[in-house]
Each structure stands twice: as C-alpha cells, then as structure tokens.
Amino acid sequence: MSSRKLERLLNLTALLLDARVPVSAEKIQTELDYPDDLAAFRRAFERDKEELRDMGIPLRLEPVPASFPAVDGYRIPREEYALRDPGLTIDELAALHLAVSAVQVEGLSAIPGLLKLGGIVAGVGSDIGVRVAPLPADPNLACLFAAVAGRRPVSMRYGDQDRVIDPYRLEFLRGRWYLTGYDHLREDVRNFRLGRIEGRVVPTGGEAFAAAEPSLEQAGAAWELGDEEPVVARLRIGGPPAQWALQHFGSDRVVEVAEDGSVVIDLPVNHRSAFRSFVLSFLDHAEILSPAELREDLMRWLRGIT
Amino acid sequence: MSTPANSGAAQRMQRLLAMVPWIVAQDGPLTAEVCARFDVSPEQLAADLGVIWLVGLPPYTPDALIDVVQEGDRVHIRFADVFNQPHRLTPEQAVALLTAGSSVLALPGTDPDGPLGRGVGKLAALLGVDADQVLEVDLGAAEVETLAVLRRGVSEQRQLHLDYYSFARDTRSQRNVNPYLVETQDSSLYLLAYCHQAQADRRFRVDRIVSATLLDDTFVVPTGAGELGLFEPDATDPRVTLDLEPAAAWVIETYPMESVEMRPDGRQRVTLAVTAEAWLARLLLVLGPHASVVSGAPELVDAGRRAAAQILARYA
C-alpha cells in the first residue's frame with residue numbers, strides 16, 4: 001500500500017471515529033483525498049471500506065439526521081472500535097510473547113494482536129523448553145471463537161444436516177480442532193470436528209444464549225467424541241500400562257486398584273469402535289468387564305481376525 | 001518477523017493504530033524502544049511517522065493534524081485524541097493469542113498463578129470469557145517432576161537414566177540417553193534423545209517414562225539432532241504383506257508402505273516393514289476383519305491371530 005493510501009485510510013478512520021453523526025459519502029469525498037470524478041470516487045471508496053472491514057473495523061451505515069432528501073452516512077462507533085486497556089504488566093506481556101513465539105496457529109499471526117495489547121516485550125526466558133509444531137488452522141476457527149466468546153448461536157452443515165448450534169467451547173486434541181455445543185436439531189450437547197463442517201459457519205443473528213453449565217463434560221478421548229448412545233464401560237488394565245492408566249485417568253475414573261497393581265476404570269463411551277481400538281492397544285493387559293454388549297462385541301471382533 | 005516496508009496494507013495500518021496510542025501514553029519514549037515493541041526498523045518507523053504527521057480531522061489545518069516530533073533519540077506524538085485507544089482484537093487475533101497462552105499454561109509444570117496465568121486471565125477478561133471454559137489445547141500429559149527432569153537434562157546437556165515402558169515392544173527397559181529436546185505432537189509429549197543402549201536416536205513418549213534421573217555426565221549435541229523422523233524402517237526389518245478392505249485404507253496414509261497394489265476384488269495389497277511384533281499385533285487387532293495377512297516372515301504371519309487368542313483367553 002502506498003503511503004498516500006495509508007494516509008487516506010487513517011484519515012477516513014479518524015473522521016468516522018470522531019463523527020457524532022453519520023458522515024455522508026459526499027462529505028467524505030470532499031474532505032478526504034479522493035478523486036473528483038464520481039465513478040472513480042465510488043470505486044476507491046468501496047475498496048477502502050472493504051479494507052477497513054477486513055481489518056475488523058466496524059463501519060455503520062445509518063441515516064444522517066435532519067438530511068433532506070434523506071441520505072445515509074458512515075460512522076465508526078467508538079464503543080465497538082476501541083480496546084479497553086487490559087492493564088498487562090511488563091512480565092505478563094513478556095510471558096504472552098514467549099507463548100505466541102512457541103505456539104502458533106497456522107496462518108493466524110498473534111503478533112498484530114499482541115501489538116494492540118502493549119507490544120513485544122522480551123522476557124527472561126527465550127523458550128518454553130518444549131517444541132510445539134504449529135497447530136493447523138481451520139477456516140471456521142475464528143468465526144466459531146467469536147461465537148463462543150459472544151455466546152451467539154451459529155448455523156452450520158454437519159453430517160449432511162443443517163444445524164443450529166449454541167457453541168460452548170473449542171478444543172484442540174490429537175492434531176484436530178473440536179467444537180462442543182448444544183445442537184438444536186438433536187436437542188443435546190454434542191461434539192463436532194471442525195474439519196468435518198461443510199462450508200462456512202454463519203452466525204444466525206439470534207439472541208445470545210445463556211452460559212453453559214460449568215460442569216459441562218469436556219470433549220476428550222476419541223471414544224467420547226462420537227454421537228452413539230452413551231454407555232459407561234468398566235475396564236481392567238494390568239501389567240506395565242497399569243501405572244500409566246492410574247496417572248492418566250486420575251482418581252475420579254479409577255474404581256479400584258487391585259493388589260497385583262492392576263486398575264479398574266470407568267469410562268464414558270459414545271464411539272464404540274474407537275473404544276475397541278483403545279482397549280486392543282493394551283494387547284492382553286486389558287479386559288472389558290462390563291457392559292456385556294461391549295464385551296461381546298470385542299470377542300466377536302477378535303474371532304474375526306484371520 | 002520484521003515487516004518489509006511495502007508489506008500488506010492491513011498490517012501497516014493495524015500496527016499504526018496500535019503504536020500511536022502507545023507512544024502518546026508513554027509521553028516521549030525512546031525511538032529504539034518503539035522499534036522493539038512494534039517490531040519495526042528505524043527506517044520503517046520514520047516512514048510510518050511521516051504518514052501520521054499528515055493525519056488529523058477537518059479542516060486539516062496544522063492545528064487539526066496529529067503532531068509528531070522526533071527529537072534526539074525520542075519520539076513524541078500529541079493531539080492524537082481520536083486514536084487514544086488501540087483497535088479491538090479481531091477474532092483471528094483473539095483466538096491466536098488465547099490458543100498460545102492457554103497451550104503453554106496447560107503444559108505440566110507451568111505456574112497457573114505466574115505471569116502467563118495472570119496475562120491469560122486479563123486477556124480472557126478483556127474478551128469477556130472464562131479461558132478454561134471456552135478454549136482448551138491439549139499438548140500432552142506428563143508427570144510434572146518427570147518433565148522438569150527432562151527439560152533440565154536438555155538445557156544443561158546432561159545425560160538421563162530412563163526407566164521406560166516401550167509400547168511398541170510391550171516391554172519395560174532401563175537405558176541412558178542424551179536428551180536433545182522435548183516436543184509435542186498430536187497431544188503427546190515426546191523426548192528426542194540419543195539412546196546409549198540402542199546406539200541411535202530414539203523418541204520416547206514422556207507419559208511412558210516410568211522414572212527419569214539426572215546424571216552427572218554431560219554430552220555435546222550433534223548438528224541435526226532432534227530432526228529425527230517419525231519412523232524409519234530398517235532394511236533388515238522383516239516385511240509383511242496384507243490385504244486391506246476399503247475400511248482399512250487409512251493404514252496406507254498412516255504408515256510408510258513399500259508397495260501398494262489394487263486387487264480386482266477392491267481390496268488393496270500392501271507390504272510394509274515391521275520393527276516390532278507387538279506393533280504389528282496391535283495393528284492387526286485394530287483392523288480386525290478388515291485385513292488379512294497374505295505372507296510375511298514366519299514369526300509375523302500369525303501375530304494377529306496369536307494376540308487375539310491371548311486376549312480372548314482373558315474372556316473365557
């Protein structure tokens with residue numbers, strides 16, 4: 001962008017931010033560095049508006065009061081434009097900078113955001129001691145985050161159905177992004193894989209929904225990310241993986257620790273084939289104790305191995 | 001990270017909208033500090049200030065323009081009331097910042113009440129969200145003490161003694177390693193290290209390290225360390241040939257294949273290297289009826305059936 005164009009965009013932003021009443025296009029043309037020719041002005045002005053919108057600067061088109069004949073004008077509402085000072089201290093800014101240097105989402109730079117919060121501050125540590133591969137981006141990630149943060153319902157196409165979702169939460173797990181939300185079609189809280197959403201998510205424009213229950217079950221393991229009828233599976237894990245299971249699942253899932261060191265855990269399952277693969281990864285160190293349905297399914301599966 | 005002079009419109013404009021209120025609030029900061037804070041060269045900063053100097057409000061007379069003065073090694077901006085606050089975070093910027101902050105915060109051993117925890121808390125408050133409730137990034141679990149020992153071994157270049165459960169071989173072993181780095185991939189933490197027993201670079205999943213002890217022996221990190229591939233079959237590893245149903249085709253995308261051939265019945269015949277029998281047994285168990293063994297080393301052709309029979313014995 002030329003400096004002249006940058007200057008014009010900044011002056012346009014200043015004019016519309018400062019305006020108490022909407023500013024008509026005609027006045028914008030006369031006040032700022034635009035061509036006199038009307039067609040040329042319109043083209044240039046359209047491009048400028050587009051650039052501001054792409055930066056997320058809120059442009060309102062509203063009637064100019066007491067204008068006759070009635071005309072519409074533009075305004076940038078300060079309350080929607082301005083960032084409240086978050087009051088970050090130097091060490092907090094440095095910690096955030098270290099974090100955004102270590103963990104990146106592909107194609108989404110956190111640096112412009114960091115500049116708004118107070119800029120780049122070098123801290124004492126130069127790395128976090130763990131190398132993190134950039135997280136994959138998803139075309140719907142930012143839109144869904146805005147909807148989660150604003151508690152705004154969205155419509156999206158998923159599993160060949162158009163659904164309206166109250167988006168509660170985003171989670172990155174094993175290389176993929178997931179959304180947890182209330183599905184108005186199924187009338188239940190469900191998990192969705194962002195990569196399986198067809199096309200773009202669109203805010204419905206509906207009223208903000210109430211905050212989700214804080215006790216909301218978090219999306220977790222692969223066997224919890226399905227949409228089958230949920231069951232609780234009881235599993236015994238022995239041998240070398242028992243210690244891992246004890247650490248990994250924690251006291252709320254562990255039902256019993258036997259004298260031989262094996263552990264019994266209860267796991268919620270709504271994706272049966274994923275659960276089967278998980279159990280089989282323990283070879284003969286694990287056994288499904290209940291329900292009979294899952295036990296028999298596993299035995300049938302094993303007998304089918306040729 | 002530095003921004004070239006003629007880079008994207010949006011980037012330069014957004015930087016200015018962030019920089020101007022900061023300079024105003026600092027009341028004459030050092031030019032060098034502005035450059036560091038906003039990641040610009042002195043030349044770029046001078047060019048940017050040259051634009052700001054022409055910005056203001058109608059009637060654009062000198063008294064209605066923003067006043068920019070570079071004096072000695074300091075820069076002053078006045079009469080910029082219209083830009084006295086930075087522009088709000090876009091959803092892209094917000095999600096990028098919160099993802100990074102929450103990720104590092106979730107790493108075992110990060111102090112939730114430290115500077116990062118407080119910073120993420122303020123960021124979340126700004127966005128009107130509860131950071132734990134709206135976004136979670138799982139980079140992998142580990143015992144805090146174990147991870148701390150590994151990180152120390154890496155940063156001090158000291159050898160470690162590991163008690164390790166090898167998932168691929170289903171065995172527990174003791175070994176000394178030169179730790180190169182800790183990395184996370186697909187929500188698991190790994191230690192990349194040179195293993196003295198194997199005399200080769202190896203990847204250890206941190207949550208399978210039963211215990212790690214820091215030794216006094218140091219080591220030198222060779223160039224290229226830590227660039228270990230995920231899986232590199234050895235020419236001497238035994239091979240196995242499988243027929244895969246369409247439901248098992250993901251295997252072809254997941255593991256290195258020596259050959260893939262489409263059969264007339266719609267199945268695909270693949271040949272792959274096997275580094276450990278337990279690995280093949282697990283693969284065949286998960287594939288179940290969707291795969292069958294065509295041929296292979298004698299100890300491998302029955303691996304799936306044998307593992308299935310051992311598991312079924314528990315259910316008898």
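# Close-up views of chains A and B

**View 1. The contact between chain B and chain A.** In this predicted model, 98 residues of chain B are in contact with 87 residues of chain A. Helix α4 of chain B, residues 91-106, supplies 12 residues to the side of chain B that touches chain A, the largest share from any element. Sorted by class, that side of chain B holds 55 nonpolar, 22 polar and 21 charged residues.

**View 2. Strand pairing between chain A and chain B.** Strand β4 of chain A (residues 131-132) and strand β5 of chain B (residues 171-185) run parallel and are joined by 2 bridges. Within this pairing, B:E183 of β5(B) is the residue opposite A:R131.

**View 3. The largest nonpolar core.** This core has 124 residues, and the members that touch the most others are A:L144, A:F145 and B:L97. Helix α7 of chain A (residues 141-150) gives 9 residues to the core, the largest share. Leaving aside residues up to four places away in sequence, A:L144 touches A:V154, A:P167, A:L170, A:L179 and A:V201. Another core, of 38 residues, lies apart from this one; A:I237, A:V263, A:F282 and B:V274 are among its members. In soluble globular proteins, nonpolar side chains tend to be buried together.

**View 4. The four-stranded sheet of chain B.** The sheet is open, its 4 strands follow the order β10-β11-β9-β12, and the pairing is antiparallel. β10 (259-262) and β12 (291-296) of chain B each have a single partner strand and stand at the edges, so one side of each is left without a neighbour in the sheet. From one strand to the next, the twist averages 20 degrees. Between β10(B) and strand β11 of chain B (residues 268-273) there are 4 bridges, and the two strands run antiparallel. In this pair, B:R269 of β11(B) is found opposite B:E261.

**View 5. The three-stranded sheet of chain A.** Here 3 strands form an open sheet in the order β1-β3-β2, with antiparallel pairing. β1 (23-24) and β2 (60-63) of chain A are the edge strands, each pairing on one side only. β2(A) is joined by 4 bridges to strand β3 of chain A (residues 72-75), and these strands run antiparallel. One of the bridge partnerships links A:P63 with A:D72, the latter in β3(A).

**View 6. The surroundings of A:Y81.** A:Y81 belongs to helix α4 of chain A, residues 78-81. This residue counts as partly exposed because it has 19 C-beta neighbours inside 10 Å, whereas 20 or more would make a residue buried. The C-alpha atoms of A:Y81 and A:P58 are separated by 6.4 Å, although the two residues are 23 residues apart along the chain. Not counting residues up to four places away in sequence, A:Y81 touches A:L17, A:I57, A:P58 and A:I76 in chain A, along with B:H87 and B:R88 in chain B.

**View 7. Domains of the two chains.** Chain A is divided into domain 1 (3-81), domain 2 (141-220) and domain 3 (231-303). The C-alpha centres of domain 1 and domain 3 of chain A lie 63 Å apart. Chain B has domain 1 (9-83), domain 2 (91-134), domain 3 (144-218) and domain 4 (239-315). For domain 3 and domain 4 of chain B, the C-alpha centres lie 30 Å apart.

How values were computed. Residues are numbered from 1 along each chain as its sequence is written. Chains are lettered from A and ligands numbered from 1 in the order in which they are written. This is a predicted model: local features need pLDDT of at least 70, side-chain atom pairs count only at pLDDT 80 or more; totals for chains, interfaces and linings use all residues. Domain bounds come from an automatic or database domain assignment. Two residues are in contact if their C-beta atoms, placed from the backbone, lie within 7 Å. Ala, Val, Leu, Ile, Met, Phe, Trp, Tyr, Cys and Pro count as nonpolar, Asp, Glu, Lys and Arg as charged, and the others, Gly among them, as polar. Two strands pair if DSSP finds at least two bridges between them. Axes are lines fitted to C-alpha atoms, for helices over the stretch in contact, and angles run from 0 to 180 degrees between N-to-C directions. A nonpolar core is a set of buried Ala, Val, Leu, Ile, Met, Phe, Trp, Tyr and Cys residues joined through C-beta atoms within 7 Å. A residue is buried if 20 or more other C-beta atoms lie within 10 Å of its own, exposed if 12 or fewer, and partly exposed in between; C-beta atoms are placed from the backbone.
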